[in-house]
Amino acid sequence: FQNFAVSQGIAGHKWRLTFSDVLTFLPQSPSFGLAGVPGSGDINSAPPPITGTPSQTVLSDNTHTLNNMSSVSYGVPINYALSISAAANYQFLNFPKNTGIDTSAVFGSFGASWRFNARTSMNGELSEAQYGYSGTPISFRTTGLQASVSHTWSKGFSTQGSIGPNWISSSGGALIPSGAHLSVSGSASYHK
């Protein structure tokens, strides 16, 4: 497992611009999904809880892969309460021995955050992603609109909830049907 990451941040008086690139070469096993790397779970046993984003866009037991993600993000506060941000990234997953389907993904988002007071804030985000697979006519696009509210109730207890529609448009027909969905999530955390 080889992983190379580089990141550069440029900050002005109120704004921040960040560039990053992560290249992962997996000559023997995936870092997420099937067995091969300690902590990833094993065959006939349950994997550990997922705590982050998969490092591969396609989970496969064909383990010789090259994965790259390049991203750029920009954030600026407008005033004490309002700040805006934008981000974009490009990712590809390549099977050097032509034993899998190469994939690519382009993602972009625009968001705004409003701070009502020291305990309560609201965020809104519009995101769009395009996924393609080499050698196949299948591609799909997702668009999401999310609104979230977070509140700190006490020094150690906070809650967060979000809701919003998601749209999928696909050339995959029955394999990846087009449609609209509602995404709802919530969380509560306490630390002492």
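In this predicted model, strand β7 and strand β8 (residues 157-170) pair in the antiparallel sense, and 11 bridges hold the register between them. A handy landmark for following this pairing by eye is Thr152, which stands opposite Ser158 in β8. The connection from β7 to β8 is a hairpin, made through 4 residues.

The pairing continues on the other side of the sequence from β8. Strand β9 (residues 179-190) is antiparallel to β8, and the two are joined over 12 bridges. Here Gln160 can be used to find the way, as Gln160 stands opposite Ser187 in β9. The loop between β8 and β9 contains Gly172. This glycine is buried, its relative accessible area being 15%. Leaving aside neighbours within four places in sequence, the contacts of Gly172 are with Ile138 and Ser139. Another residue to look at alongside Gly172 is Pro137: 35 residues separate the two along the chain, and their C-alpha atoms are 7.7 Å apart.

Going back one strand from β7 brings β6 into the picture. β6 and β7 run antiparallel and are joined by 13 bridges. Leu126 stands opposite Leu145 in β7, which gives a convenient pair of leucines for locating the register on screen. These two strands form a hairpin with 5 residues between them, and within the turn Gly135 has a positive phi of about 80 degrees. As a general point, the side chains of a regular strand alternate between the two faces of the sheet.

The β6 and β7 pair also carries the salt bridge of the model. A search of the whole structure finds 1 such interaction. The partners are Arg141 and Glu128, with their closest N and O atoms 2.3 Å apart. Arg141 belongs to strand β7 (residues 139-152) and Glu128 to strand β6 (residues 120-133), so the salt bridge ties together parts that are 13 residues apart in sequence. How buried or exposed is each partner? Arg141 is partly exposed, with a relative accessible area of 39%. Glu128 also counts as partly exposed, at 30% relative accessibility.

Attention can now move to the loop between β4 (82-94) and β5 (103-115), where Asp102 lies. The side chain of Asp102 makes a polar contact with the side chain of Asn94, at 3.0 Å. A polar atom of the Asp102 side chain also lies 2.8 Å from the backbone nitrogen of Phe95. With neighbours within four places in sequence left aside, the residues in contact with Asp102 are Leu93, Asn94, Phe95, Gly132, Tyr133 and Ser134.

Strand β4 itself holds Asn89. Asn89 is buried, with a relative accessible area of 18%. Beyond neighbours within four places in sequence, Asn89 is in contact with Met69, Ser70 and Ser71, and also with Ala105, Val106 and Phe107.

At the surface, a nonpolar patch is formed by Ile10, Trp15, Phe19, Val72 and Tyr74, whose accessible area together is about 410 Å². Among these residues, Tyr74 is found in strand β3 (residues 65-77). Tyr74 is partly exposed, with a relative accessible area of 36%.

For the chain as a whole, the secondary structure comes to 0 helices and 9 strands. Reading along the sequence gives the pattern β-β-β-β-β-β-β-β-β. Of the 192 residues, 20% count as buried. Among contacts with a separation of 6 or more, residues 24 or more positions apart account for 45%. The chain exposes about 12,200 Å², and carbon and sulfur atoms supply 62% of that area.

Note on methods: Residues are numbered from 1 along each chain as its sequence is written. This is a predicted model: local features need pLDDT of at least 70, side-chain atom pairs count only at pLDDT 80 or more; totals for chains, interfaces and linings use all residues. Side-chain values use heavy atoms; hydrogens and water are left out. A salt bridge is a side-chain nitrogen of Lys or Arg within 4 Å of a carboxyl oxygen of Asp or Glu. Buried means under 20% relative accessible area, exposed over 50%, partly exposed in between (1.4 Å probe, protein chains only). Two strands pair if DSSP finds at least two bridges between them. Contact means heavy atoms within 4.5 Å. Accessible areas come from the Shrake-Rupley method with a 1.4 Å probe; for residues, only the protein chains shown count as cover. A polar contact is a pair of N or O atoms within 3.5 Å; within protein, one must be able to donate a hydrogen and the other to accept it, and residues adjacent in sequence count only if both atoms are side-chain atoms. Patches are made of residues with over 30% relative accessible area and no salt bridge: like charges are joined within 9 Å, nonpolar side chains (Val, Leu, Ile, Met, Phe, Trp, Tyr) within 5 Å.
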